[in-house]
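Work through the following exercises with the sequence and the three-dimensional view open beside you. Try each task before reading its solution.

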Amino acid sequence: MKPYVYIAHPIPSDVEAYIAEHCEYRIWNDENKKVPKDQLKEELLSADGAILTGYDVDEPLLADAENLKVVSTVSVGYDHFDTSALKKHNVYGTHTPHVLDETVADLIFGLVLSGGRRIAELHEYVKGAHWGLEPDRAFYGYDIHQRTLGLIGMGRIGEKVAKRARFGFDMDIRYYNRSRKLEMEEKYDAVRLELDDLLKEADFVVLIVPLTEATHHLIGERELQLMKSSAVLVNGARGPVVDENAVVQALKEETIFSAALDVFEKEPLPKDHPLLSLRNVTLTPHIGSATRKTDEAMMMRAAENMVQGVFGDTPQNVIKE
Ligand code: DGY
């Protein structure tokens with residue numbers, strides 16, 4: 001008998017065909033609604049594996065899922081997984097690193113460009129048929145090339161951002177990371193700094209760290225005050241890495257130049273969120289990895305990880321914690 005797996009969101013047909021080759025399965029096909037918590041718990045009672053992107057995978061969900069061997073997420077971030085609970089229940093957690101690195105770095109670089117040159121703000125201006133109402137000078141921003149990029153996090157995606165900045169835009173690279181990355185220092189002339197020094201030096205502060213207890217609100221009021229008034233804050237990591245209220249305040253008071261954010265403390269961003277009424281922001285809907293090609297590659301990788309796990313193999317992208 002084939003193992004049984006549950007997939008809690010729609011997937012492309014080739015990924016479904018791959019799963020069907022190996023497993024019996026059920027898929028939740030409503031793109032606009034998540035599986036209700038109780039129903040999800042019920043679905044997992046007999047499942048050997050699951051793909052649960054964006055769902056909290058915690059003790060209550062796992063407690064009665066006796067057959068479960070593996071839970072995959074179609075994302076590199078896995079802050080929605082309680083890794084101790086997975087360990088306790090002997091369930092592999094898997095994610096999808098590598099396949100999305102260049103794609104996320106592309107979007108982050110787009111945010112850098114928009115934050116410095118005010119692309120989102122100018123887009124609104126032209127769309128609103130206001131062009132010509134103000135002197136051009138009112139829209140001048142800051143150069144990107146030959147300026148200083150401060151990367152908070154120098155992992156796989158951080159490296160791809162550094163590559164774009166160094167070789168595409170002749171920027172100086174500073175980074176803050178737990179460990180030194182000698183190879184990056186050599187490849188990109190990157191210099192490791194303490195966080196406060198990076199915040200004081202960088203023209204663009206780019207966050208690309210996982211969300212953990214240590215990185216929760218890593219950037220708050222104090223840190224924002226250390227940044228230059230011409231600096232741009234870019235968040236391509238997870239919303240709670242910054243204290244959003246403090247960012248709103250800094251943008252209102254113009255103690256930093258702008259913020260370009262792909263991720264938020266609450267997603268989707270609430271309709272009355274103060275960020276929505278600010279001029280000096282670029283906002284995208286947590287879409288860093290989501291190009292058609294990369295999304296499909298991530299889905300397939302998540303499915304492969306799940307199939308490996310249900311057949312008792314160690315999945316290739318098991319979360320090691
Ligand atoms: C990830 O893969 O973690 C990206 O943030 C998209 O969810």
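**Exercise 1. In what order do the strands of the open sheet of seven strands lie, and with which pairing?**

Solution. Two conventions come first. The numbering starts from 1 along each chain as its sequence is written. The model is predicted, and local features need a pLDDT of at least 70, side-chain atom pairs count only at pLDDT 80 or more, while totals for chains, interfaces and linings use all residues.

Step 1: helices (H or I, at least four residues) and strands (E, at least two) are DSSP runs numbered from the N terminus, and two strands pair if DSSP finds at least two bridges between them. Step 2: read across the open sheet, the order is β8-β7-β6-β9-β10-β11-β12, and the pairing is parallel. Step 3: β8 (191–192) and β12 (281–283) are at the edges with a single partner strand each, so one side of each has no neighbour in the sheet. Step 4: at the β8 edge, strand β7 (residues 172–176) runs parallel to β8 and is joined to it by two bridges, with R174 opposite V191 of β8.

**Exercise 2. Describe the pairing of β1 with β2 and the handedness of the connection between them**.

Solution. Step 1: strand β1 (residues 4–7) pairs with strand β2 (residues 24–27) in the parallel sense, over four bridges. Step 2: within this pair, Y6 has R26 of β2 as its bridge partner. Step 3: from β1 the chain passes through helix α1 (residues 13–22) to β2, a β-α-β crossover that is right-handed, meaning that, with the strands pointing away from the viewer, the path from the first strand over the helix to the second runs clockwise.

**Exercise 3. Classify R118, D189 and E213 as buried or exposed**.

Solution. Step 1: the criterion counts other C-beta atoms, placed from the backbone, within 10 Å of the residue's own: 20 or more is buried, 12 or fewer is exposed, and anything in between is partly exposed. Step 2: R118, in the loop between α5 (101–117) and α6 (119–127), has 22 such atoms and is therefore buried; its phi is positive, about 65°, although R118 is not a glycine. Step 3: D189, in the loop between α8 (182–188) and β8, has a positive phi of about 50° without being a glycine, and because it has 12 C-beta neighbours inside 10 Å it counts as exposed. Step 4: E213 lies in the loop between β9 (204–207) and α10 (221–226), and with 5 other C-beta atoms within 10 Å E213 is exposed.

**Exercise 4. Which residues surround the ligand, and how do they divide by polarity?**

Solution. Step 1: a residue is near a molecule if its C-beta atom, placed from the backbone, lies within 6 Å of it. Step 2: the ligand is surrounded by S75, V76, G77, L100, G288 and S289. Step 3: this shell divides into two nonpolar, four polar and no charged residues, where Ala, Val, Leu, Ile, Met, Phe, Trp, Tyr, Cys and Pro count as nonpolar, Asp, Glu, Lys and Arg as charged, and the others, Gly among them, as polar. Step 4: for the confidence of the prediction, the complex has an ipTM of 0.91 and a pTM of 0.94.

**Exercise 5. Where is the cis peptide bond that involves P268?**

Solution. The cis bond joins E267 and P268, with omega about -5°, and P268 is placed in the loop between β11 (258–261) and β12.
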